[in-house]
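Grab a pencil and work through a few short exercises with the structure open beside you. Each one sets a task and then walks through a solution.

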Amino acid sequence: MKLLDRYLQAVKSLLPKEQRDDILQELSDAILSRMEDQEAELGRPLTEAEQETILKQHGSPMQVAGRYQTAQRSVAFGRELIGPVLFPLYIKILLLNLGITIVVSVAAAIAFASHQPMLQTAMAMLSHFIFQFAIVTGLFTLAQRSGDRFPWGWKSPHPASRSTAQEGRRIPRSQSIGELIVLVILLPWLPALPFYPRTIFGDGTALLSFGPGAQILFKAIYPLILLGVIRSCVLLANPRRVRFYWVMRLAATSASLVVLGFSLRMGEWVVLANPGGGDPAHKLAWLAEKLNRGAGFGLIAMLVGCLVVWGVELRRLVRLQFPSQEDLVEPLHPQNGQA
Amino acid sequence: MDTDLFEHLRLELRRGCLILAVLVQLRAEHYGYTLRKALADQGLEIDEGTLYPLLRRLESQGLLVSEWREENKRNKRFYRLSPDGGRILEQLLDEWQRINTSLNRILQEA
């Protein structure tokens with residue numbers, strides 16, 4: 001009953017967490033009862049097409065999961081943009097973004113001993129949040145549309161529906177190729193940036209230059225990209241070296257954290273090209289300070305993001321090493337003779 | 001357009017009736033599949049996607065009680081009316097009778 005398993009897996013991922021197992025067991029029993037009735041009428045097992053018909057009559061995973069949402073909340077602007085199934089996750093992501101924005105803003109204000117008035121800091125925070133709200137709402141609206149247009153996308157086994165144990169068996173060659181392409185594009189360009197500041201500063205090259213904080217970033221990028229290229233090449237040759245993949249990723253993220261930390265400590269990412277310059281020097285110093293503040297803000301956000309990624313990768317590596325019971329694939333519906 | 005409008009209004013009409021039908025049927029114990037079949041046998045078709053969430057909602061409102069039991073080598077969730085559900089059902093049936101009587105009177109006059 002692979003089709004039923006995939007259907008139930010698709011529904012499971014959309015159900016409220018606290019009732020998930022309960023609902024799934026009831027759902028599985030209902031569908032199996034219906035299939036058994038039909039098999040009894042026909043006097044033979046159902047074909048996959050017949051099973052699919054029953055599942056379609058039951059409703060798409062998103063429709064089914066939506067009916068079990070305890071609070072039928074949604075986002076609508078005229079027509080519904082985000083339905084009750086995606087709404088709880090949408091709210092979680094928005095709150096997470098708001099939390100990160102507040103943490104980063106406060107950290108940046110403390111780090112740079114900001115003399116900005118509180119109102120200005122609050123307005124800057126609000127504008128960041130509005131931007132993130134627009135992006136997150138847009139992405140979730142697209143996800144909802146995609147779910148509505150392709151409600152039966154669950155039929156083909158999706159990589160996300162596999163358990164960690166299954167995922168852990170190999171890294172797809174397509175993923176390694178994709179990563180290699182991106183890294184090969186970045187390899188000649190990023191490390192060359194310090195020698196071609198015009199790519200960043202444009203006509204301002206005569207006035208501004210990269211500071212020590214930026215220099216350390218550029219120095220670290222080259223070995224990190226090389227590490228990524230080596231990793232992708234090894235995995236192209238042998239996609240089963242999954243532990244190697246996660247160890248390398250964790251190593252790269254750890255190195256990134258260290259580099260970001262050093263860069264933030266150094267502080268200056270933009271300096272005046274001509275510090276002793278004439279009349280407009282104080283204006284340029286003001287500009288450099290603004291750019292440094294912006295760069296620092298961005299790097300703190302990267303550091304926070306990097307920390308989250310590091311945590312996720314470490315957890316993935318630990319689960320690979322010590323898979324839990326739920327990581328092992330089991331049929332979601334009870335087999336004959338088993339509860 | 002007329003078909004869509006009729007369908008919309010038909011669903012509205014069915015919604016309240018279904019709750020009453022489910023509560024009446026659950027004076028006797030059923031699990032989801034047998035309940036659905038029992039209602040269908042009486043001419044009230046209801047799809048599983050509507051029935052199961054409805055049962056959970058009624059249970060969360062205290063009108064039903066349920067328990068998991070093994071039957072035919074599978075775990076099934078059996079529902080029945082709770083004491084509170086029984087009291088509410090009697091009140092709903094009285095209300096239903098009142099509405100039915102009024103509607104009949106209106107139809108006769110029309």
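## Exercise 1: A helix and its cover

Part of what covers the buried residues of H4(B) is helix H1 (2-25) and E3 of chain B. Bear in mind that this is a predicted model.

**Task.** Find the buried residues of H4(B), then check its length against the expected span.

**Solution.**
- Step 1: Look along H4(B) for residues under the 20% cut-off for buried. You should land on Gly85(B), Gly86(B) and Leu89(B).
- Step 2: Work out the expected span. H4(B) has 27 residues, so at 1.5 Å a residue it should span 39 Å.
- Step 3: Compare that with the model. The end C-alpha atoms of H4(B) are 40 Å apart, which agrees.

## Exercise 2: A serine in a loop

**Task.** Decide whether Ser82(B) is buried or exposed, and work out what surrounds it.

**Solution.**
- Step 1: Locate the residue. Ser82(B) sits in the loop between strand E3 (74-81) and helix H4 (83-109) of chain B.
- Step 2: Apply the cut-off. Ser82(B) has 6% relative accessibility, so it counts as buried.
- Step 3: List the contacts. Leaving aside residues up to four places away in sequence, Ser82(B) touches Gly62(B), Leu63(B), Leu64(B) and Val65(B).
- Step 4: Zoom in on one of them. A polar atom of the Ser82(B) side chain lies 2.6 Å from the backbone oxygen of Gly62(B).

## Exercise 3: Where the chains meet

**Task.** Describe how chain A and chain B touch: how many residues take part, how much area is buried, and how many salt bridges there are.

**Solution.**
- Step 1: Count the residues. Chain A brings 19 and chain B brings 18.
- Step 2: Take the area. The two chains bury about 1,800 Å² between them, with 45% of it on carbon and sulfur atoms. In chain A, the residues losing the most area to chain B are Asp22(A), Glu26(A) and Asp29(A), together 30% of what that side buries.
- Step 3: Count the salt bridges between chain A and chain B: 8. One pairs Arg56(B) with Glu26(A), whose closest N and O atoms are 3.1 Å apart.
- Step 4: See which element of chain A gives the most to this side. That is helix H2 (residues 20-42), with 11 residues. By class, the side of chain A that touches chain B has 6 nonpolar, 6 polar and 7 charged residues.

## Exercise 4: A buried glutamate

**Task.** Is Glu52(A) buried or exposed?

**Solution.**
- Step 1: Find Glu52(A) in helix H3 (residues 48-58) of chain A.
- Step 2: Its relative accessible area is 17%, so Glu52(A) is buried.

Key:
Residues are numbered from 1 along each chain as its sequence is written. Chains are lettered from A and ligands numbered from 1 in the order in which they are written. This is a predicted model: local features need pLDDT of at least 70, side-chain atom pairs count only at pLDDT 80 or more; totals for chains, interfaces and linings use all residues. Side-chain values use heavy atoms; hydrogens and water are left out. Contact means heavy atoms within 4.5 Å. Buried area is the accessible area (1.4 Å probe) that two parts lose on being put together, summed over both. A salt bridge is a side-chain nitrogen of Lys or Arg within 4 Å of a carboxyl oxygen of Asp or Glu. Helices (H or I, at least four residues) and strands (E, at least two) are DSSP runs, numbered from the N terminus. Ala, Val, Leu, Ile, Met, Phe, Trp, Tyr, Cys and Pro count as nonpolar, Asp, Glu, Lys and Arg as charged, and the others, Gly among them, as polar. Buried means under 20% relative accessible area, exposed over 50%, partly exposed in between (1.4 Å probe, protein chains only). A polar contact is a pair of N or O atoms within 3.5 Å; within protein, one must be able to donate a hydrogen and the other to accept it, and residues adjacent in sequence count only if both atoms are side-chain atoms. The expected span of a helix is 1.5 Å times one less than its number of residues.
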